[in-house]
Each structure stands twice: as C-alpha cells, then as structure tokens.
Amino acid sequence: MSELSRIEHTATEMRLPALLEVRGLKRHFFIDDGLFARERRSVKAVDGIDLTIRSGEALGLVGESGCGKTTLGRNIVRLDRPTAGAIRFEGIDIATFDDRQLKPYRRQIQIIFQNPYSSLNPRLTAGNMLMEPLMLHGIGEPAARRDRVHELLRLVGLRAEHHDRYPHEFSGGQRQRLGIARALALEPKLIVCDEPVSALDVSIQSQIINLLRDLQEELGLAYLFISHDLSVVEHMCDRVAVMYLGRIVETASAGDLYAKTYHPYTRALLSALPVPDPTVETEEIILEGSVPSPVNPPPGCHFSTRCPFAVPACSATTPELVEREPGHFVRCIRLDEIS
Ligand SMILES: Nc1ncnc2c1ncn2[C@@H]1O[C@H](COP(=O)(O)OP(=O)(O)O)[C@@H](O)[C@H]1O
Ligand SMILES: [Mg+2]
C-alpha cells in the first residue's frame, strides 16, 4: 500500500461510524389495570439509554435484576420494538424497521440467551439447529452448509459426534455452547450476550466465559455483555455501563471504572464484591430498601430513594450523564460534594 493510500485508508477508518449507536432508547410496556382504569399505567423498563459499541469491542452492562437489561438487549436485536429512540447499526437506524427491512440485520446482530434449557428447540438435533439459519438465509450449497455446521461445532468446542444429538442429551454447558454456535452461524458482527452463564453450574461458568473471549478475538466480534456480576464483566469487557431502573448511571473503560468509581450506586455494587485479600478492610455499602418499581420510578434521580448522599434537589430534576473525566460519564448532581 502506498503512503498516500495508507493515509486515505486510515482516514476512511476514522470516519467509520460506530458499529452500534443507541440514542434515547425507551421501551415502556403499557399495562391494563382493568375495565375502570382511567389511564393505562406503563412499566418504564428502558427509559432513555445512550450507548455506543465499536467494532470488535465488548461493552459490559451491569445492574440488579429488573433494571431493564434484558429489555434493552431484546430491543437492540429487534426481538422487541422500542417505544422511542434510535438504534443505529453501521449508521442505519433500525429501531422501527419491519421484518422484511430487518432481514439483513438479523444476520449481523445476534443474541445468546440466559437460559440454554428454554432457548433451544427440543425437536431439532444440534446439526439441524445450526443448519436452519443457513437455509433460511439461503447461504451456501448443501455440501458447503454441512461443512459450515461442522466448523461451527468445532468453533464452540463440541465434537462431530454431537451433530445428531438433541438438546436434552447435552449438559447445561454444552447446550450453551450450542446456543453460541447458533448465534455464530451467520457470521454476525455484534452479539448480545444476556447473562450467558448465570443459569450454569459455577464450575463450568469460566469455561463458557473463556470460550466467548477466545471467539471474540478469533472472529473480531463485538459484544454487549449483560451481567449482574461485576467481576465477570471486569474480566470480559473493554468498557462497562452501569444501569439502574432503565437508565445508565455511570460508564467508563473497565480499568477506569474499577479504579475510580463515582456514582453511589456503582460504589455500592462494587463494595458488595468479595475482596481477594481478606486482610484488607473494606466497608460494604448496604443499600436501603429494594429496587423501586419501574411502574412508578422515583422522580428526578431514580436512585435518590436509596442513595446515602441524596438531598432534596436529587428528586427535583433528572441528572444528565456528564463526562467527569475523558470517557468516564456519571449521572449524579452531587459529584463534587461526595467524591
Ligand atoms: N413484556 C413485558 N410486559 C410488562 N413488563 C415487562 C415486560 N418485560 C419486562 N417487563 C418489566 O420490565 C422491567 C425490566 O425487566 P428486564 O428487562 O427483564 O430486567 P433485567 O433483565 O435487568 O432483570 C421489569 O420490571 C419487568 O417486570
Ligand atoms: Mg434479564
């Protein structure tokens, strides 16, 4: 490559849009309270999310159960339709696309589900399960498809003899490997991993985590890696976003987030982690109360009802996500007083 074309090439790369840009994403579920309800209530499961994932990058998404992680993931892969906001994949907003428009994107954005027991079709053998997406998308001649199925089994550490087995004949870890193989079948660029090891035996969780890491490197995949476990995310991800009641409260590179934590909620999550060295004294911040209902989230800062630092102003206005240090964003109006 000549010097000039190298410069042009680099310039083109720099202009490339992020792989995924989510802007102002909302998903409100409307629930009927019965015949006499004056107005329908809504569950604000996802309530204004902005996030960016670059090609080949792993973004971790952490937060307690019920904060909206799965809903966000399902919207990004468009298994669900957002109430508002944009989901730009390589610059194209797919938030409101119909099935026909979505077809090319279905190949590129895949999901691995939390529960490998319920997410695999019990009537299909492993081989047929992996063949199905190839057929649906008209990929390859029959012989090439068969080769691809074997390649997929190999990629996830399953053997040729697993080809004709049904899901119930596999262990939990093997089923999740199969779920990963199915997600890989169409050579996606982005995979939403929704708590991919939470339902698995602790003894095999690290095998699956390592497999996902190896695949990311080998195939240049980008991940949205959802977990309620901050230590897994630290191990897996380049950047981390912390979610509370439908919003992101803090986001930074994994190194920065663990080195300097700003948001009181992130601090509480981190303080609950076991410390490797038991002689080091740490103070666990115990949060009062439980996560409020997303049907009626507290006004202003959603965390204000449980925050040890909250003052009346916290429930008066919704804080913005502010860049506190380069690349480190925090949603809290009291940062100067509390950090
Ligand atoms: N289809 C639905 N209808 C109504 N409420 C829903 C639906 N799906 C999720 N929710 C609610 O949205 C909130 C977020 O759920 P979810 O995205 O599953 O959270 P997480 O994955 O972080 O545990 C919860 O209060 C849940 O009950
Ligand atoms: Mg979930």
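Two strands pair if DSSP finds at least two bridges between them. The exercises below use a predicted model.

**Exercise 1. Follow the pairing around strand 4: which residue in strand 5 is the bridge partner of R88?**

Step 1. Locate the strands. Strand 5 covers residues 92-93, and strand 4 covers residues 84-89.

Step 2. Check the pairing. Two bridges join strand 4 and strand 5 in the antiparallel sense.

Step 3. Read off the partner. R88 bridges to D93 in strand 5.

Step 4. Look at the turn. The hairpin has two residues between these strands, and E90 takes a positive phi near 50 degrees.

Step 5. Go to the other neighbour. Strand 1 (residues 20-31) pairs with strand 4 over five bridges, again antiparallel. K26 stands opposite A84, and L20 stands opposite F89.

**Exercise 2. Assemble the sheet of four strands: in what order do the strands stand, and which are at the edges?**

Step 1. Write the order. The open sheet runs 2-1-4-5, with antiparallel pairing.

Step 2. Find the edges. Strand 2 and strand 5 each have a single partner strand, so one side of each lacks a neighbour in the sheet.

Step 3. Add the helix. Helix 2 packs on this sheet and touches strand 1, strand 2 and strand 4. The direction of helix 2 makes about 115 degrees with that of strand 1.

**Exercise 3. Describe the sheet of eight strands: is it open or closed, and what is its order?**

Step 1. State the topology. The eight strands form an open sheet in the order 6-7-8-3-9-10-12-11. The pairing is mixed.

Step 2. Find the edges. These are strand 6 (109-112) and strand 11 (322-325). Each has a single partner strand, so one side of each is left without a neighbour.

Step 3. Give the twist. Neighbouring strands are turned by 25 degrees against each other on average, direction ignored.

Step 4. Inspect one pair. Strand 3 (residues 58-62) and strand 9 (residues 239-244) run parallel and share four bridges. Within this pair, G60 has V240 as its bridge partner.

Step 5. Place the helices. Helix 3 (residues 99-108) packs on the sheet and touches strand 6 and strand 7 (190-194). Its direction makes about 55 degrees with that of strand 6. Helix 7 (residues 202-219) also packs on this sheet, touching strand 3, strand 6 and strand 8 (222-227). The direction of helix 7 makes about 160 degrees with that of strand 8.

**Exercise 4. Characterise the site of ligand 1: which residues surround the ligand, and which element gives the most to the shell?**

Step 1. List the shell. Ligand 1 is surrounded by F29, V43, A45, E64, S65, G66, C67, G68, K69, T70, T71 and P294.

Step 2. Sort by class. The shell divides into five nonpolar, five polar and two charged residues.

Step 3. Collect the polar contacts, with N or O atoms within 3.5 Å.

- A polar backbone atom of G66 is 2.6 Å from an oxygen atom of ligand 1.
- A side-chain N or O atom of K69 is 2.8 Å from an oxygen atom of the ligand.
- For the side chain of T71, the corresponding distance to a ligand oxygen is 2.5 Å.

Step 4. Account for the surface. Ligand 1 taken alone exposes 560 Å², and the protein buries 62% of that.

Step 5. Assign the elements. Strand 2 (41-53) and helix 2 (69-76) give two or more residues to the shell. Helix 2 gives the most, with three residues.

Terms used:
Residues numbered from 1 in each chain as written. Chains lettered and ligands numbered in written order. Predicted model: local features only at pLDDT ≥ 70, side-chain atom pairs only at ≥ 80, totals over all residues. Heavy atoms only, no water. Near = heavy atom within 4 Å. Polar contact = N/O pair within 3.5 Å; in protein donor to acceptor, adjacent residues only side chain to side chain. Areas by Shrake-Rupley, 256 points an atom, 1.4 Å probe, with all protein chains shown as cover. Nonpolar A, V, L, I, M, F, W, Y, C, P; charged D, E, K, R; others polar. Axes fitted to C-alpha atoms, helices over the stretch in contact; angles between N-to-C directions. Contact = heavy atoms within 4.5 Å.
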